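Open the model in your viewer and keep the selection panel at hand. The stops below say what to select and what is there.

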Number of protein chains: 2
Amino acid sequence: MDKHEAVAALAALAQDTRLDIFRLLIQTGPEGMPAGQIAERLDLPATTLSFHLNHLRHAGLVGFRRESRMLIYAAAYGAMNELLAYLTENCCRGDASGCDARARVPASSSSFLTTSQRRS
Amino acid sequence: MDKHEAVAALAALAQDTRLDIFRLLIQTGPEGMPAGQIAERLDLPATTLSFHLNHLRHAGLVGFRRESRMLIYAAAYGAMNELLAYLTENCCRGDASGCDARARVPASSSSFLTTSQRRS
DNA sequence: TCCATAGTTTTATAATTATGGAAATATAAA
DNA sequence: TTTATATTTCCATAATTATAAAACTATGGA
């Protein structure tokens, strides 16, 4: 992950509504949730939700797949892990005694999403 | 950490210059670095650096102490850990098999900073 | 084909944020 | 006490971002 991607991801998360959406999806798991259900759970107008999902998607933090009429969004666990790793990179000049940095989240079971789905 | 604090911390990090500053301090370790040296390392005007340090400070991500004429800034490792934990909270509905979330960074050796120094 | 459902794109307005110069403040050395 | 250093606060300008209504697109069922 480079700086530009990290800033994009952090900016995507640095907003009340988007943080709610992202955490809901993180908690939901790799199977994801349809946009309409997210809107219902968080009580958001469709247009506002769409704006924020798009933002998260461009930042690489969520992906989606179509299933019949529904678009099912899911957290991109891999991207999230990369972000956490980026923040703590080379922590304390490698002096693990004062700083045993670690930052991981889901697994490679991360999800059904292909890279193109994650980013497009 | 509540949502408000998390958004503040993420917003503080979601900016090129501030992300550079924060990572520099994370890599420097708990002993920190004087503002002037940060400015030199990142080639920033003093006024711009001060603006961004202030932002990071209000978000609780850095603290400082005075040492003679210099203000020495250091990363607030504890706050950072809380942020990472918040993002991954209740990951995948507790189904650790698909999602063994963990997010930790430095230790309680985090630094010389008191809570009031971190936040004020 | 026509209608309903699920979401997105467009657009305008309102609000927030970044940058850097000039002036101010705090500390220390001469 | 004068002067230099280290850093901040104030300010104006420029740029970015959020919100939600209206119009649009895609899918599936009658």
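Buried means under 20% relative accessible area, exposed means over 50%, and partly exposed lies in between, with a 1.4 Å probe and protein chains only. This is a predicted model, in which local features need pLDDT of at least 70, side-chain atom pairs count only at pLDDT 80 or more, and totals for chains, interfaces and linings use all residues. Residues are numbered from 1 along each chain as its sequence is written, chains are lettered from A and ligands numbered from 1 in the order in which they are written, and side-chain values use heavy atoms, with hydrogens and water left out.

**Stop 1: the cysteines**

Select B:C92. Is B:C92 buried or exposed? B:C92 counts as buried because its relative accessibility is 4%. Now select A:C92. A:C92 also counts as buried, at 5% relative accessibility. A disulfide is a pair of cysteine sulfur atoms within 2.5 Å. How many disulfides does a search of the whole structure find? The search finds zero over all chains.

**Stop 2: chain A as a whole**

Show chain A as a cartoon. Helices (H or I, at least four residues) and strands (E, at least two) are DSSP runs, numbered from the N terminus. Chain A has six helices and four strands. Along the sequence, their pattern is α-α-β-α-α-β-β-α-β-α. Of the 120 residues in chain A, 49% count as buried. Contact means heavy atoms within 4.5 Å. Take the contacts in chain A between residues at least 6 apart in sequence: 63% of them join residues at least 24 apart.

**Stop 3: helix α5 in both chains**

Select residues 77–87 of chain A, then of chain B. α5(A) is mostly covered, with eight of its 11 residues buried. The buried residues of α5(A) are A:Y77, A:A79, A:M80, A:N81, A:L83, A:L84, A:Y86 and A:L87. Go across to chain B. Helix α5 of chain B is largely enclosed by the rest of the structure, because eight of its 11 residues are buried. Label B:Y77, B:A79, B:M80, B:N81, B:L83, B:L84, B:Y86 and B:L87 to see the buried residues of α5(B).

A general point helps when reading such lists. An α-helix has 3.6 residues a turn, so residues three or four places apart point the same way.

**Stop 4: α1 against α5 in chain A**

Add residues 3–13 of chain A, which form helix α1. Axes are lines fitted to C-alpha atoms, for helices over the stretch in contact, and angles run from 0 to 180 degrees between N-to-C directions. α1(A) and α5(A) pack at an angle of about 110 degrees, with their axes 10 Å apart. Angles under 35 degrees count as roughly parallel, over 145 as roughly antiparallel, 65 to 115 as roughly perpendicular and the rest as oblique. α1(A) and α5(A) are therefore roughly perpendicular to each other.

Which residues make this contact? From α1(A) come A:K3, A:A6, A:A9, A:L10 and A:L13, and from α5(A) come A:L83, A:Y86 and A:L87. Ala, Val, Leu, Ile, Met, Phe, Trp, Tyr, Cys and Pro count as nonpolar, Asp, Glu, Lys and Arg as charged, and the others, Gly among them, as polar. The contact of α1(A) with α5(A) has seven nonpolar residues, no polar and one charged.

**Stop 5: α1(A) against α2(B)**

Keep α1(A) and add α2(B). Their axes come within 10 Å and cross at roughly 105 degrees. That makes α1(A) roughly perpendicular to α2(B). A:K3, A:A6, A:V7 and A:L10 of α1(A) meet B:D16, B:L19 and B:D20 of α2(B). By class, this contact holds four nonpolar, no polar and three charged residues.

Stay in chain B and pick B:T17, in helix α2 (residues 16–28). B:T17 counts as buried, at 19% relative accessibility. Leaving aside residues up to four places away in sequence, B:T17 touches B:L44 and B:H52.

**Stop 6: single residues**

Select A:N90, in the loop between α5 and β4 (102–104) of chain A. Phi of A:N90 is near 55 degrees, a positive value in a residue other than glycine. A:N90 is exposed, with a relative accessible area of 51%.

Next, pick A:R65 in strand β2 (residues 62–67) of chain A. A:R65 is partly exposed, at 21% relative accessible area. End at A:A76, in the loop between β3 (70–75) and α5 of chain A. A:A76 is buried, with a relative accessible area of 1%.
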